[in-house]
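Here are some exercises to work through with the model open beside you. Try each task before you read its solution.

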Amino acid sequence: MTSGAQKPIEIRSLQKRADFLALRKAKPGSLKVSTNGFLLIGAPATRATPADNSARFGLTVTRKIGHAVCRNHIKRRLRAAILISAPLLAKPGYDYVLIARLAARAMPFEALVADLKRGLAKAPKP
């Protein structure tokens with residue numbers, strides 16, 4: 001029974017500051033993709049077990065981007081893009097961080113999703 005469809009993975013939240021900082025010091029086998037709307041950083045998680053079928057995502061939207069309403073709007077858009085793209089394209093056992101840029105607020109949502117899909121597809125094979 002070989003099906004061409006990949007099983008969706010579970011998406012979890014990356015919340016600890018130490019995990020965000022560990023991704024900033026990415027090692028070989030990591031991923032860095034720059035787009036108009038965000039910078040995507042990904043690396044194999046150190047806490048993953050072979051049976052773990054999940055990927056963790058974190059968002060960073062700094063105050064340089066704008067006031068709280070603007071930052072929250074960008075976070076909602078990026079979370080929605082993650083929920084659409086990540087279950088089938090993210091690598092199990094990987095941690096990802098999206099560092100938002102101001103353009104993420106104004107760019108069409110379809111373009112944001114397409115950029116995320118392209119970024120996730122560039123992750124190295126395990």
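The exercises below go from the overall fold to ring pairs and then to the cores.

This is a predicted model, in which local features need pLDDT of at least 70 and side-chain atom pairs count only at pLDDT 80 or more, while totals for chains, interfaces and linings use all residues. Residues are numbered from 1 along each chain as its sequence is written, and side-chain values use heavy atoms, with hydrogens and water left out.

**Exercise 1. Write down the order of helices and strands in the protein chain.**

Solution. Start by counting: the chain has 4 helices and 5 strands. Here helices (H or I, at least four residues) and strands (E, at least two) are DSSP runs, numbered from the N terminus. Reading from that end gives β-α-β-β-β-α-β-α-α.

**Exercise 2. Find the stacked aromatic pair and say which elements it ties together.**

Solution. First, search the whole structure, which yields 2 aromatic pairs; rings of Phe, Tyr and Trp (its six-membered ring) pair if their centres lie within 6.5 Å, and planes under 30 degrees apart count as stacked, over 60 as edge-to-face and the rest as tilted. Next, check phenylalanine 57 and tyrosine 96: their centres are 4.8 Å apart and their planes differ by 20 degrees, so the pair is stacked. Then place the rings: phenylalanine 57 is in strand 4 (residues 54-60) and tyrosine 96 in strand 5 (residues 94-100), so the pair ties together parts 39 residues apart in sequence. Now look at burial, where buried means under 20% relative accessible area, exposed over 50% and partly exposed in between (1.4 Å probe, protein chains only). Phenylalanine 57 has 5% relative accessibility and counts as buried, as does tyrosine 96 at 0%. Finally, ring pairs link Phe57, Tyr94 and Tyr96 into a cluster.

**Exercise 3. Which element gives the most to the largest nonpolar core?**

Solution. A nonpolar core is a set of buried Ala, Val, Leu, Ile, Met, Phe, Trp, Tyr and Cys residues joined through side-chain atoms within 4.5 Å. The largest one has 27 residues, and Leu40, Phe57, Ile74, Tyr96, Leu98 and Leu116 touch the most other members. Elements supplying at least two residues each include strand 3 (38-44) and helix 4 (109-121). Helix 2 gives the most, with 6 residues. Apart from this core lies another of 7 residues, among them Phe20 and Val97.

**Exercise 4. Which residues does isoleucine 84 contact beyond its neighbours within four places in sequence?**

Solution. Begin with its place, helix 2 (residues 68-89). Taking contact as heavy atoms within 4.5 Å, isoleucine 84 meets Phe109 and Val113. The C-alpha atoms of isoleucine 84 and valine 113 are separated by 7.5 Å, with the two residues 29 apart along the chain.
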